[in-house]
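User: I should like to go through this model and ask, for each term used, what justifies it. Please begin with the vocabulary of strands.

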Amino acid sequence: MTTVPELERVLFTKQQIAARIKEVAAEISDRYAGKDLKLVGVLKGSVFFLTALAREITIPVKIDFLSLSSFTNMARSPGYVRIAKDLDEGIEGEDVLIVEDIVDTGLTLRYLLQTLAGRGPNSIGIVTLLDRTERRLAQVPVEYRCFEIPDRFVVGFGLDYKQHYRNLEYIAVMKPEK
Ligand code: PRP
């Protein structure tokens, strides 16, 4: 395992993540059997989780991606986001499962749920690798979560610090900045 000095401790190992993803994929495979399931990944963090999850899902599945930009200037309310790269295809009549690496405030998902609901999907659900509920501002229905985590900065398995560490196979807590 790569050791990185900026990291305080490993929160979930590669093996723990793989085992939990397999469990969640089995639940999703049961729930969506016979449906037209599409996984929608929110770039960039969810890419690692989405590919791992999709490989463990045992029913036919389509995938698509979008990316969001957030506005942080004072004229906008916190958490105001817009679509920077939209889905390649429509979702009308499909059973959409939004795939996230982490849900924090829930503001990103609140916006996404509202936006995608207007496109006529049969259903929209949420699956996330990590859920940091202590930071929640908007209540969003998270149907599937792999792990709930404390209010600490974590990296790995898609999650970054200044765009680094996404490729770690484990999830770790960063040391507090001095
Ligand atoms: C993360 C994550 C969610 C969002 C969650 O993305 O992937 O999209 O933040 O935060 P919220 O619940 O407070 O809205 P980030 O902006 O870090 O982009 P990235 O996926 O490219 O790292």
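Analyst: Two strands are said to pair if DSSP finds at least two bridges between them. The model discussed here is predicted. In it, Val 154 has Val 173 of β9 as its bridge partner.

User: What makes β8 and β9 paired strands?

Analyst: Pairing requires at least two bridges. Two bridges join β8 to β9 (residues 171-174), so the requirement is met. The two strands run antiparallel.

User: Why are β1 and β8 called edge strands?

Analyst: The open sheet consists of three strands in the order β1-β9-β8, with antiparallel pairing. β1 (7-12) and β8 (154-155) each have a single partner strand, so one side of each has no neighbour in the sheet.

User: What makes Lys 162 worth a remark on its backbone?

Analyst: Most residues other than glycine have a negative phi. The phi of Lys 162 is near 50°, a positive value in a residue that is not glycine. Lys 162 belongs to the loop between β8 and β9.

User: What is the form of the peptide bond from Leu 43 to Lys 44, and which omega goes with it?

Analyst: That peptide bond is cis, with omega near -5°. Most peptide bonds are trans. Lys 44 lies in the loop between β2 (37-43) and α2 (47-56).

User: Which contact of Lys 44 with the ligand counts as polar, and why?

Analyst: A polar contact needs a pair of N or O atoms within 3.5 Å. A backbone N or O atom of Lys 44 lies 3.0 Å from an oxygen atom of the ligand, so the pair qualifies. The side chain of Asp 101 places an N or O atom 2.4 Å from a ligand oxygen atom, and a polar backbone atom of Asp 104 lies 2.8 Å from an oxygen atom of the ligand. The protein covers 72% of the 500 Å² of accessible area that the ligand has on its own.

User: Where does the ligand sit, and what makes up the shell around it?

Analyst: The ligand sits in the largest pocket. By class, its shell has four nonpolar, four polar and six charged residues. Among the 14 residues around the ligand, Glu 100, Asp 101, Thr 105, Gly 106 and Thr 108 come nearest. β5 (95-103) and α3 (107-117) each supply at least two shell residues, and the largest share, four residues, comes from β5.

Note on methods:
Residues numbered from 1 in each chain as written. Predicted model: local features only at pLDDT ≥ 70, side-chain atom pairs only at ≥ 80, totals over all residues. Heavy atoms only, no water. Near = heavy atom within 4 Å. Polar contact = N/O pair within 3.5 Å; in protein donor to acceptor, adjacent residues only side chain to side chain. Areas by Shrake-Rupley, 256 points an atom, 1.4 Å probe, with all protein chains shown as cover. 1 Å grid on protein atoms, 1.4 Å probe; cavity = no way out; pocket = protein on both sides within 12 Å on 5 of 7 lines; lining within 4 Å. Sits in = over half its atoms within 2 Å of the grid points. Nonpolar A, V, L, I, M, F, W, Y, C, P; charged D, E, K, R; others polar.
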